[in-house]
Amino acid sequence: MKHLFSRSWLLVALLSAMSGVVIAQEGRPEKNPREQYFIFWGYPENYIENQARMAFSTIDEMLQANPPQKEMTLNRQMALVGLDLLLHDQRNDKAEPFYTFINRRMQRMLDDMAKPVKKGLKIYKLYNDGFVIKSKDATVAVDLIPGGPGKHPFITDSIIYAIAGNCDAMFVSHKHGDHANLKIAKAFAARGKKVIVPKDLWVGVDPLIQQLLVADTSVTIPFDELKMTLHILPGHQDDIYNNIYVMEFKGSGKVAHTGDQYNVEDLRWIDNVHRKHKIDVLLLNCWVNSMERTIRGFGPKVLITGHENELEHSIDHREAYWMTMKKMESMPSLKVPNVLMTWGEWYEYK
Ligand SMILES: [Zn+2]
Ligand SMILES: [Zn+2]
């Protein structure tokens, strides 16, 4: 008897699963099938997925209506905090609504990259600490990665390789997988484009993948073909080599990218970077060991933080947008505007 009961229970469960949400509302009026589509009783995971789809798509629209700027509007703040909520709820990790959201935004960015830049610089923010900087003469990528697991990357192959194809060179700050991706580096090299990496990364892989060979000394590499000069400052994440790239686009501006800079001793020379370089835009990892001192050291006209919401980290170290907002609020005497951006957005610096 017990056996029979468990069999019939199994049959009910199977039928329920096969017929979706409708069975779950047994006993409720179910006259209109269009309304039934939005009833999730008994299916909490299905509810969460549908809620995330709605929230991601609303946030996408809200961000487009409130693009990045020096002053944060309340609407934009709400959209970014909404993203923090979604991206700190592990039920949304690697789920379809997230993939749709990020790829839609990346495709939009890719479409925009086709437009020429006439003056100044256009700075695109990609996943994690990835940026593309475009001047009238050159388009360069820093720490370009698809994100996520190798078998199911966050940004689809077709989009990430199209973005790479639109860039003239790539600079990789350090060896960690959330900044360095060998497949993408090889794609650059295969098209005859240079990839600059720290001294201990991908040695001997391809002559166009070039290591910084001088330890603990700044180096300058002319990129005449791109009308730019690359200065490499010898940064570290703890004891790992972390190249800080100062990209000088002739006649357009100077941008620094700090990778995963996190080292107390380096702060001594970071204090003086502004004496040598007039930095227009600083792309700074939002959890650098001393945010205020690093910003003062570089002395940029505009700050754009990176590395928020890295989903490969546990939620306590995903670094929410609201945390960056609060940190910046706590340093009003800095007077450096932070153009807080998310994936697939861009800012024109003129
Ligand atoms: Zn790192
Ligand atoms: Zn990192």
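Hi everyone. Let me begin with a word I'll need: a residue is called buried when its relative accessible area is under 20%. Hold on to that cut-off while we look at this structure, which is a predicted model.

Take H174 as our example. Its relative accessibility is 0%, so H174 counts as buried. Q237 sits at 11%, which is also under the cut-off, so Q237 is buried too.

What do H174 and Q237 hold on to? Both are protein donors of the zinc ion (ligand 1), along with H176 and D260. The atoms doing the work are NE2 of H174, ND1 of H176, OE1 of Q237 and an OD atom of D260, lying 2.1 to 2.2 Å from the zinc. Along the chain, these donors follow the spacing H-x1-H-x60-Q-x22-D. H174 and Q237 come from distant parts of the chain, 63 residues apart: H174 is in the loop between β4 and α8, and Q237 is in strand β8.

Why is the arrangement around this zinc ion (ligand 1) called irregular? Because its four donor atoms subtend angles of 92 to 162°.

Now for the neighbour. D260 bridges the zinc ion (ligand 1) and the zinc ion (ligand 2), and the two ions lie 3.6 Å apart. Which residues coordinate the zinc ion (ligand 2)? They are D178, H179, D260 and H307, at 2.1 to 2.3 Å. In this site the angles among the four donor atoms run from 88 to 145°, and the site is irregular. The spacing of the donors along the chain is D-H-x80-D-x46-H. Here again distant parts of the chain are linked: H179 is in the loop between β4 and α8, while D260 is in the loop between β10 and α9, 81 residues apart. Both H179 and D260 are buried.

Let's move on to the sheet. Six strands form an open sheet with mixed pairing, in the order β7-β8-β9-β10-β11-β12. At the edges are β7 and β12, each pairing on one side only. From one strand to the next, the twist averages 20°.

If you'd like one pair to look at, try β9 and β10: they run antiparallel and are joined by five bridges. Within that pair, Y245 has H257 in β10 as its bridge partner. Helix α11 packs on the sheet, where it touches β8, β9, β10, β11 and β12. The direction of α11 makes about 155° with that of β11.

One last link between the two topics: Q237, a donor of the zinc ion (ligand 1), is in strand β8, and β8 belongs to this sheet. Thanks for listening!

Notes: Residues numbered from 1 in each chain as written. Chains lettered and ligands numbered in written order. Predicted model: local features only at pLDDT ≥ 70, side-chain atom pairs only at ≥ 80, totals over all residues. Heavy atoms only, no water. Donors = N, O, S within 2.8 Å, 3.2 Å for Na, K, Ca; no water. Tetrahedral: all angles 85-135°; square planar, octahedral: opposite > 155°, others 65-115°. Helix = DSSP H or I, 4+ residues; strand = E, 2+ residues; numbered from the N terminus. Buried < 20%, exposed > 50% of the residue type's maximum accessible area, 1.4 Å probe, protein only. Pairing = 2+ DSSP bridges. Axes fitted to C-alpha atoms, helices over the stretch in contact; angles between N-to-C directions. Contact = heavy atoms within 4.5 Å.
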